[in-house]
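Subject: Structure handover

Hello,

Here is the structure you were waiting for. Please open it first, then read on.

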Amino acid sequence: MEKNIKFPIIDLSKLNGEERDQTMTLIDDACRKWGFFELVNHGLPYDLMDNVERMTKEHYKKHMEQKFKEMLRSKGLDTLETEVEDVDWESTFYLRHLPQSNLYDIPDMSDEYRTTMKDFGKRVEDLAEDLLDLLCENIGLEKGYLKKVFQGTKSPTFGTKVSNYPPCPKPEMIKGLRAHTDAGGLILLFQDDKVSGLQLLKDGVWVDVPPLKHSIVINLGDQLEVITNGKYKSVMHRVMTQKEGNRMSIASFYNPGSDAEISPAQSFVDKKDSKYPSFVFADYMKLYAGLKFQPKEPRFEAMKNAEAAAVLTPVAAVETF
Ligand code: OGA
Ligand code: NI
């Protein structure tokens, strides 16, 4: 119980008033100690959020629920007699906004739903960029630094994963989403305000991220840990399944572009040496694809070894996307 009380909930509107300094400190502490925080009064219009929620729930009922049930049958998950550790109990689809939108390639979305998600995506993108500048200010990087790194030569990658975590008859047998850290930059999550399930690992204990109406949960991905040379943390999290209720989650990932060069910012590194690697983001993603549900440290280690190998044996450029 006490754990939930401490979970950082931050009123972003206070940045515009006398409590700006305290609010900036709350954000900085959350980035260092939690890798997570929950924003209220973040400026996203509530009526837009309500529409996103309503249309996502309708879309699930109409176009996704049946497919989810078929998936359960085809994977033999309708009985759940033993613990399942290689599948997640989730129904998802992925909208890409940047570098190019795929919004009109996704089947079964009504025009109204597409327009609403486009508007929502743009507003979340703007919030992500504002937050990146707040992080720069807090940590002592020049304004625009993170945005510029994420830009690469063209554009950041920005997308929205639309998920539903349907009720599960035996929650102890399967996770909604297995424990992982996020590979990318900044994650902005609009989660169900009634059905809980998201937990993060803090000092060895799983802590609930409290559902709160109209909030946006922020967490930091591996790239921000690398760039800040470990001052900010990418933290393990997971989604628990529930016996009752369908949990909606709309997670937007503001990530570096494929060709973005990621490394610890020079000002944070002693004697040019860091325990964190330098790499091109697409290469990190290739590694992450196979190791998502593993701790991040071996990924950082593998990239460091790849970096050392690349210095010794230059190879021809490979096509990455
Ligand atoms: C993710 C994730 C959490 C959620 O997709 O990486 O952590 O609540 N999602 O859906
Ligand atoms: Ni995640």
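Below is what was found, starting with the whole chain and ending with single residues.

One caution first: this is a predicted model.

**Overall fold**

The chain has eight helices and 13 strands. Its radius of gyration is 20 Å, and a compact globule of 321 residues would come out near 20 Å, so the two agree. Along the principal axes, the C-alpha atoms fill a box of roughly 55 × 55 × 40 Å. Buried residues make up 51% of the 321.

The contacts reach far along the sequence. Take those between residues at least 6 apart: 80% of them join residues at least 24 apart.

**Surface and charge**

About 15,800 Å² of the chain is exposed, and carbon and sulfur atoms supply 52% of that area. There are 43 positive side chains and 51 negative ones. The centres of the two sets lie 1 Å apart.

**The metal site**

Which residues hold the nickel ion (ligand 2)? His180 and His237 each coordinate through NE2, and Asp182 does so through OD, at 2.1 Å. Along the chain, the donors follow the spacing H-x1-D-x54-H. The two histidines bring distant parts of the chain together: His180 sits in strand β5 (residues 175–180) and His237 in strand β10 (residues 237–240), 57 residues apart. Both His180 and His237 are buried.

Arg178 is worth a look here too, as it also belongs to strand β5. Is Arg178 buried or exposed? Its relative accessible area is 19%, and the cut-off for buried is under 20%, so Arg178 counts as buried. Beyond its sequence neighbours within four places, Arg178 contacts the metal ligand His237, along with Arg238 and Phe293. Arg178 also touches a run of residues: Glu85, Asp86, Val87 and Asp88. By C-alpha atoms, Arg178 and Cys168 are separated by 15 Å, with their positions 10 residues apart in the numbering.

**Backbone oddities**

Most residues other than glycine have a negative phi, and most peptide bonds are trans. Three places in this model depart from that.

- The peptide bond from Leu98 to Pro99 is cis, with omega near 5°. Pro99 lies in the loop between β3 (91–98) and α4 (111–139).
- Asn41 is not a glycine, yet has a positive phi of about 50°. Its loop runs between β2 (36–40) and α3 (46–74). Asn41 is partly exposed, at 34% relative accessible area.
- Asp203 also is not a glycine and has a positive phi of about 50°. Asp203 lies in the loop between β7 (198–202) and β8 (205–208). With 69% relative accessibility, Asp203 counts as exposed.

**A buried proline**

Pro8 lies in the loop between α1 (2–6) and β1 (9–11). Its relative accessible area is 12%, so Pro8 is buried. What does Pro8 touch, not counting residues up to four places away? The answer is Ala30, Trp34, Phe36, Phe37 and Glu38. Pro8 and Leu26 are 18 residues apart along the chain, and their C-alpha atoms are separated by 7.6 Å.

That is the handover.

Best wishes

Definitions and conventions: Residues numbered from 1 in each chain as written. Chains lettered and ligands numbered in written order. Predicted model: local features only at pLDDT ≥ 70, side-chain atom pairs only at ≥ 80, totals over all residues. Heavy atoms only, no water. Helix = DSSP H or I, 4+ residues; strand = E, 2+ residues; numbered from the N terminus. Rg over C-alpha atoms; globule rule 2.2 N^0.38 Å. Buried < 20%, exposed > 50% of the residue type's maximum accessible area, 1.4 Å probe, protein only. Contact = heavy atoms within 4.5 Å. Areas by Shrake-Rupley, 256 points an atom, 1.4 Å probe, with all protein chains shown as cover. Lys, Arg positive; Asp, Glu negative; His and termini not counted. Charge placed at Lys NZ, Arg CZ, Asp CG, Glu CD. Donors = N, O, S within 2.8 Å, 3.2 Å for Na, K, Ca; no water.
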